[in-house]
Amino acid sequence: MDKKFVFMFDQSGSGKKELLGGKGANLAEMTRIGLPVPYGFTITTAACNSYYDAGQVIPAEAEFQVLEALQALEKKTGKQLGNPSNPLLVSVRSGAVHSMPGMMDTVLNLGMNDETVKGMAELTNNPRFAYDSYRRFIQMFSDVVLEVDNYHFEQRLEHIREEKGYHSDTEITAEEWKQVIQEFKEIVLNQAKRSFPEDPKEQLFLTINAVFDSWNNQRAVLYRRLHQIPGHLGTAVNIQSMVFGNMGDDSGTGVAFTRNPSTGESKLYGEYLINAQGEDVVAGIRTPQPIAALQEDMPDVYQQLIDTCQLLESHYQDMQDIEFTVESGKLFILQTRNGKRTAQAAIRIAVELVKENIMNTREALLRVDPDQLDQLLHHRIDPAHKEIQFAKGLPASPGAATGQVVFDADEAEELSKSGKKVILVRPETTPDDIHGIVAAQATVTSRGGMTSHAAVVARGMGKACICGCEAVKINLESKQFIAGSTTVNHGDTITIDGSTGEIFLGEIPMIEPQLSEEFQLLLSWADEETKMDVRANADNPEDAAKALEFGAGGIGLCRTEHMFMDPSRIPTVQSMILSETREERKEALDQLLPMQQQDFEKIFETMQGHPITVRLLDPPLHEFLPDKEELLVDVTKLQMTNSDSHELQEKQNLLRKVRLLEESNPMLGHRGCRLGMMHPEIYEMQAKAIFYAMSNIMKKGINVHPEIMIPLVSHVNELKEMRQLVINAGDQIQKEKGQAFDYLIGTMIETPRAALTADQIAQEADFFSFGTNDLTQTTFGFSRDDAEGKFLQHYVENDVLLQNPFVSLDQDGVGKLVESGVKLGRETKPSLKTGICGEHGGEKESIQFCYDSGIDYVSCSPFRVPAARLAAAQATIRNEQRNRLKEPQPN
């Protein structure tokens, strides 16, 4: 059977998003439910993949099906592609499975040439419209297909506007457009070294090729990498009969969101332009009118749009982003998709859709992306600040940001890589600027509205953005902008508030974030659903308190070495390390014990009975000593200037010890339990500090249930010995204090051998905590610092690895060791508690994997706890959905 590459919008069997892309599936769906959608057809993602398989050539079978579909479109519309007396004009748009706004290419008005433009002028009795449409087609086609830089065309248009004293393109006459068209064709001949194609079918297939090619353009690849969209999916192509918003003052084009994508307010939000085509709005070339003004300009169309928006939101059970065109007073819907929104808006929309009975709480939880919640947990501008804004634009994407002004996306990326915070300022952004938007703290544009490219992309990334700041006059050549009497130069620091549209000079104070009532309500729904606990990594009372505030169920990792790194303790720690005998070391440890005890008491008291996993000392001892190179410099200087000094003797002793402790590969060297095996007095001191702290806090009536973790165990005998050391210390303090302690002893599984022999290790463990950072390093044989700095980014960019395995857990490799560790451990001890700690514990895909693997809890940094709570609930819901699908269905 021949492969089906093309589907008409109303054809039975169409509608699959994976085949038709999001846009094509929605066009088919809207056609079926009777909305006014311009008729057309979709070339599938399978055709795109076949195109690449064939060496970027459209398969003959697909080409034949496109021509068949074109005939069906001509029959339906009563028009014909290339017919001068009744021409069919079409748009050609990309349409990936996952929304990628502005990342791939579009061509409008395809089918225009020197003959059909005359026919359009006669049919519409509007020559100005016809020739305006033709020049738009030449400009767009030449940019997308013939790769002629759009700058050449825009430069010519700017010259005409200046020469004639026009404020906008709508003032250019038909005769003037004719002259522009001739000049545009000369630009094409000079730049592309070929004449502009007049044959509409040649135009069509060249454009389809270009849209398929745009799937792998630089900006699309970058966007997919940012949003973890697989590269093998391909894009569909939608061929749709044109409707025209540039036919006069009773026509227009716009974008409408069924709810405010920045705040979530249940109110129609959007913009439109009279006498314009769609690209004028999203490109930000003209600053549009707010959608509410349409009620005055075209009240009947406005009411029809309101009704359509309500219908689509109810149908898709989500906030919709809708593109529309009005042609001679008639409304057409060109596209709908689930709208990009800020985290704040996503939460409010989900909660309100539940209250409006459009969805239930489980559906609402699945509507919010855990990755977005990070946006809500950062600083915002202190409302008490007294600085006065010097410019104000449209609040396109909320959030506050401070940075140095740059005017170029490449420079924004370059400076960001060197550690500088920048704000990208542009007249408008194009999809080619995406790398600059990613690198910058925020984006400001002087043109464009709140549905322009910059706004949509920024909102999707959680980046602050101000658009349409017309008070700002940007001079890209001199690298400065002026607002009123204020001049801001390249490199000057500004602060912007994307929630209000305000721009300030200098750096403005920020305040801590607060969780909204809707956020708290959503997370309470999450906690009701989840079957996996979420803990936090916290090493001090402040982080522990923040973890509780964000809803953590305990501490999954308390790193005791961070307590050693307090500058006031470093001399004592170094004294312990430099000790020549066990007695000397014990003397230093006796000084450290009350310090550690005090640390534990504060954390135990803060956590008020919640479980706390305390990891005994893990890093190698040289990390607590000065840098060897710096010591060499100091010793050399002292030898030359003060060779008899006591300081020189101390420095030389320190250098000798640093050299003695130096290792070729410290990550795999004398650290973790190996340190405890060689110097048991260190772990003994830490264990006693834990138990003394327990005793004092229990006397205050607070329950304490520490889980004492032995790090880097690879062999059961290591854990057996260290476990007995902890038990002995506990027995001693219990006897001394006359109290009974409730505690667990477990280990961190972070080497392949530990995972593969987990059944043996479980004999001596009450719990396992998978240290997936070190487990990733030891499984791949990567040193994280070296890998991320030298080659890992190259691997990701070239699809050697789909994702950085230190960011998202490598399920195929490291994940198998985790699954094996859980399975083997519970074969020995069915009640064995298991968890993971580290930043994988706050990443949604890793959390789903952990849930599916039967892990009891995840632990992450305090600020990632809310996202982890939501992701854990989503994992529970998805798991139950999968199980229901597997259940046998009744006959």
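A polar contact is a pair of N or O atoms within 3.5 Å, of which, within protein, one must be able to donate a hydrogen and the other to accept it. In the predicted model described here, R128 offers an example of such a pair: a polar atom of its side chain lies 3.4 Å from the backbone oxygen of T170. R128 is placed in helix 5, a helix that spans residues 127-144. With a relative accessible area of 17%, R128 falls under the 20% limit and is therefore classed as buried. Apart from neighbours within four places in sequence, the residues in contact with R128 are D169, T170, I172, T173, A174, W177 and N275. T170 thus appears both in the polar contact and in the list of contacts of R128.

Just before helix 5, the loop that separates it from helix 4 (116-124) contains N125. This residue is not a glycine, yet its phi is positive, at about 55°. The relative accessible area of N125 is 68%, and the residue is accordingly exposed. A positive phi of about 55° is also found at K479, again a residue other than glycine. K479 likewise belongs to a loop, here the one between strand 18 (472-475) and strand 19 (480-483). K479 is partly exposed, with a relative accessible area of 36%.

Attention is next given to a buried position in a strand. N238 is part of strand 5, which covers residues 235-241. The relative accessible area of N238 is 1%, so the residue counts as buried. Its side chain makes a polar contact, at 2.7 Å, with the side chain of T42. Beyond the neighbours within four places in sequence, N238 touches residues from several parts of the chain: F9, K23, G24, L27, F41, T42, S91, V92, R93, S94 and G95. One of these contacts, G95, is 143 residues away along the chain, although the C-alpha atoms of N238 and G95 are separated by 6.8 Å. A contrasting pair is formed by V658 and E158, which are 500 residues apart in sequence and 68 Å apart in space, C-alpha to C-alpha. V658 lies in helix 24, made up of residues 646-661. Its relative accessible area of 7% places V658 among the buried residues.

The empty space within the model was also examined. Rolling a probe the size of a water molecule over the atoms shows where such space is left. Six cavities of 30 Å³ or more were counted. The largest cavity holds about 110 Å³ of space. It is lined by 15 residues, and those closest to its centre are R93, M242, V243, T325 and L334. Strand 5, the strand of N238, supplies at least two residues of this lining, as does strand 3 (90-96). R93, one of the residues closest to the centre of the cavity, is also in contact with N238. By class, the lining of the largest cavity consists of six nonpolar residues, eight polar residues and one charged residue.

Among the pockets, the second largest has a volume of about 800 Å³. Its lining comprises 30 residues, with D618, R671, N773, D774 and Q777 nearest the centre. Four elements each contribute at least two residues to this lining: strand 25 (555-559), helix 20 (561-564), helix 30 (772-780) and helix 31 (784-790). The greatest contribution comes from helix 30, which provides four residues. The lining of the second largest pocket contains 12 charged residues, together with nine nonpolar and nine polar ones.

Finally, the cysteines were considered. A disulfide is a covalent bond between the sulfur atoms of two cysteines. The count of disulfides in the model is zero. For C467, the closest cysteine sulfur belongs to C465 and lies 3.7 Å from its own sulfur; because a disulfide requires sulfur atoms within 2.5 Å, this separation is too far for a bond. C467 is buried, at 0% relative accessibility. C48 is buried as well, with a relative accessible area of 0%.

Note on methods. Residues numbered from 1 in each chain as written. Predicted model: local features only at pLDDT ≥ 70, side-chain atom pairs only at ≥ 80, totals over all residues. Heavy atoms only, no water. 1 Å grid on protein atoms, 1.4 Å probe; cavity = no way out; pocket = protein on both sides within 12 Å on 5 of 7 lines; lining within 4 Å. Points joined across faces, edges and corners; volume = space filled by probe spheres on them. Nonpolar A, V, L, I, M, F, W, Y, C, P; charged D, E, K, R; others polar. Buried < 20%, exposed > 50% of the residue type's maximum accessible area, 1.4 Å probe, protein only. Contact = heavy atoms within 4.5 Å.
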